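Trainee: Could we go through this model together? I would like to start with the open spaces and then turn to the chain interface.

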Amino acid sequence: MNSDASTASTMTPPLRTARNGEALSLADVPLMTMDNFRRAVLNACSAEVRLAALTVLPGLEAGRILLAVLADDRRRLLGLLCAAVPLDNRYPALTPDLVQAQGFEREILEEHGILPEGHPWPKPLRRHSDLEGGSHAPRGPDPYPFFRVEGPGIHEVAVGPVHAGIIEPGHFRFQCHGETVLHPEIQLGYQHRGAEALLLRSQPARRLAIAETIAGDTSVGHALAYSMALEALAGAAPPRQAEVLRGIALELERLANHVGDLGALCNDVGYLPGASWFGRLRGEFLNLSLEICGSRFGRGLVIPGGVRFDLPSAVRDSFLVRLNAADVDLLHIADVVFQTPAVVSRFEGTGVVTAALAETLGLVGVAARASGCDRDVRRDHPVGIFRQTSIEPAAASSGGVMARAQIRRREAEFSIAFVREQVAALPDGARSVALAGARPHALAVVLVEGWRGEIVHVAATDDMGRLVTYKVVDPSFHNWLGLAMAMRGGQISDFPLCNKSFNLSYAGHDL
Amino acid sequence: MRRLWERLRQGYRTIDFPEGHTDLPPRFRGRPVLDPSRCHAGCRLCADACPTAAIKTEPLRLDLGACLFCPACSETCGEGAITSTNDFRLAARTRRDLVLSGSEMRLASALDRKLLKIFGRSLKLRQVSAGGCNACEADLNVTGTVVFDIGRFGIQFVASPRHADGIVATGPVTTNMALALRETYAAVAEPKLVIASGACAISGGPFAGSPLCAGGIPADIPVDLYLPGCPPHPVSILDGLLRLLGRIE
């Protein structure tokens, strides 16, 4: 790994390479012309490099700049590219040549009023002009032009925003021919709370609370990314004990969610014993988080500079006993579930996303690995405890519900082993360090492998070291389109199963 | 055969609630206890540390409706004027009852006799997430697992407001969900109940002050039961609902 621009021949120069969790001076990121920027992004992304983030920052002088964060997973590098936004607030869209950019460019239009010219589908991403009373003027005659299929026998099924279960809101439009779904469009934004803007104008304690609630089931993941961003800007490193406890908390979060999802998948195919057993087992992992920090969701543990709580040696033995019991349960339950013909036959062949499609859409996390895209931030861009841990990401290739379920099972097994090992070797010492003020005109990019996949936080400061940009990319942002594509050619009755196999965050997408 | 064996191995997992002893770990942050006699004049450390401005000083007050149950206030106060207990009983019937000033709290009382006759033995609820981050939703969901088994009390979450006796709202009520929340509420037949679950639904929580959120359930939807927390623990939810139904006094 090298942060020297001159050796970064693997990605097209002039681009600034960086390590995960490193803060750069904004002046060190070369400002390119829009043409060169576009060419450089497209070139890099044609060679196993992904677009991890695309956003707008205030420039060092007047005007705004477009920032692309590229992730080169094989060479374990991040690349940063900047271009000045033209004065007429238009630029040639990347999306026609790089589908991964579609959501980012819709966001740039919606939040910053910068038009990516030639974007095939520049419709709203989160804002609902009809519900917001015109504060966001519709761009065209229809505030949200749904994708429609027309012809004899075609019918449309609309679902949501309020759904039947205890879940978050979103609106789905299924274009169907008979029983076959040709395409389901997923319209989001109902959960849009304005989290990024609110974070910027809040005091520090509130900022952490907002980070923890960006996606409630990923409280640790987002709190960790936020804390790492602040540490990078302040040039601080958390103590060793904090790094270990952060890793333990992140993996407990992964365990609770993966195991819960396996139960929910059982429920959606009507295999209720699996649903009950996994549902109960999920709680065991939440309760281990509760034991450490007083919150089932790991809230209050991760703070900028370190962690708030330790795991006293007096309780480590009972912690490990509970973890081992959960390990045995996972083994037994998963064995029964994955050998139940009713489950297997329903999981297999449903909701397939091919490797090529996953690559095109820029999927991350469980969904990407299930389709054979070998990417995991913990191995590819390691920070903290993951620098000293050998990670072999779970792999599958069939790309369907079964693959996504199996990835969860394997990752859960890995996480238990990881937590066991880390608890047994938990170092003592300080839990946190005090942070100095953030550096002025600095830019920090942080990646965390949350349980769903890659979380990206981008933070930038002004001349006084105050935050001026805070951009959050939840893994759901990349993956919602993957769910829609997985449903093509399936049936509406496959939707709950497909949906649960991705289990994406509405709030995390809508922020 | 293996399935049967696994079923036996899994055993009986439902907690003995409310009769049994529900013990949450010592670090669980339940109801805070205030001791204003320990405050120094002019000290605002706890209020300044609070992420949601839930604390007022002189005299010391803590609004459980805005509280995220984070450790910020208790770790900042060197005098022990605010300490956390692991008491999970937190539900209240009025907004005012959520504002603590000492070590006592007026917990939720039961519905009146007429409503108890209607809802006491069967309460069907429709959940609406209006900007909830999925933590409140997740811990409402687990009340249906074998561990908490809310069904044994005659309470069930249903798929349609037309089947429901009330709604449980979560989230700070985003602009984009306000209409759906109102319509869902309107679709429930009278008499109906409204339960606000979590700091966001009660006060906006961490999202209070966002121009894209209403700061919790709007005034035209009257709330019958407040469940504070971020998110409320499943046992706190059970406790609140059973108090409302007069099963716990």
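**Pockets, interface and backbone**

Mentor: H5(A) supplies the largest share of the lining of the second largest pocket, with 6 residues. Helices here are DSSP runs (H or I, at least four residues), strands are E runs of at least two, and both are numbered from the N terminus. This is a predicted model, in which local features need pLDDT of at least 70 and side-chain atom pairs count only at pLDDT 80 or more, while totals for chains, interfaces and linings use all residues. Residues are numbered from 1 along each chain as its sequence is written, chains are lettered from A and ligands numbered from 1 in the order in which they are written, and side-chain values use heavy atoms, with hydrogens and water left out.

Trainee: What volume does the second largest pocket have, and how many residues line it?

Mentor: The volume is about 850 Å³, and 47 residues form the lining, with Ala205(A), Leu208(A), Ala209(A), Ile303(A) and Arg308(A) nearest the centre. Two or more lining residues come from each of helix H5 (204-212) and helix H6 (219-234) of chain A and from H3 of chain B. A pocket is an open set of points on a 1 Å grid over the protein atoms alone, with protein on both sides within 12 Å along at least five of seven lines; a cavity is a set where a 1.4 Å probe fits but cannot get out, and lining residues have an atom within 4 Å of a point. Points are joined across faces, edges and corners, and a volume is the space filled by probe spheres set on them.

Trainee: How many cavities of 30 Å³ or more are there, and which residues lie nearest the centre of the largest?

Mentor: The search of the whole structure gives 7 such cavities. The largest has a volume of about 90 Å³; among its 17 lining residues, Arg299(A), Gly132(B), Cys133(B), Cys136(B) and Cys200(B) lie nearest the centre. H5(B) contributes the most to that lining, with 3 residues.

Trainee: Changing topic: how many residues of each chain are in contact?

Mentor: On chain B 63 residues, and on chain A 62, are in contact, meaning heavy atoms within 4.5 Å. The two chains bury about 5000 Å² between them, 56% of it on carbon and sulfur atoms. Buried area is the accessible area (1.4 Å probe) lost when two parts are put together, summed over both.

Trainee: How many salt bridges are there between the chains?

Mentor: There are 5 between chain B and chain A, and the structure holds 50 over all chains. A salt bridge puts a side-chain nitrogen of Lys or Arg within 4 Å of a carboxyl oxygen of Asp or Glu. Between the chains, Asp329(A) pairs with Arg9(B) at 2.6 Å, N to O. Within chain A, Asp73(A) and Arg375(A) meet at 3.9 Å, N to O, and these two residues are 302 residues apart.

Trainee: And the backbone: which peptide bonds are cis?

Mentor: One is the bond from Glu190(B) to Pro191(B), with omega near -15°; Pro191(B) sits in the loop between H6 and strand S9 (193-197) of chain B. Another runs from Cys230(B) to Pro231(B), with omega near -10°, and Pro231(B) is in the loop between strand S10 (225-227) and helix H8 (234-244) of chain B.

Trainee: What is the phi of Glu58(B)?

Mentor: Glu58(B) has a positive phi of about 50°, although it is not a glycine. Glu58(B) belongs to the loop between strand S2 (55-56) and strand S3 (61-63) of chain B.
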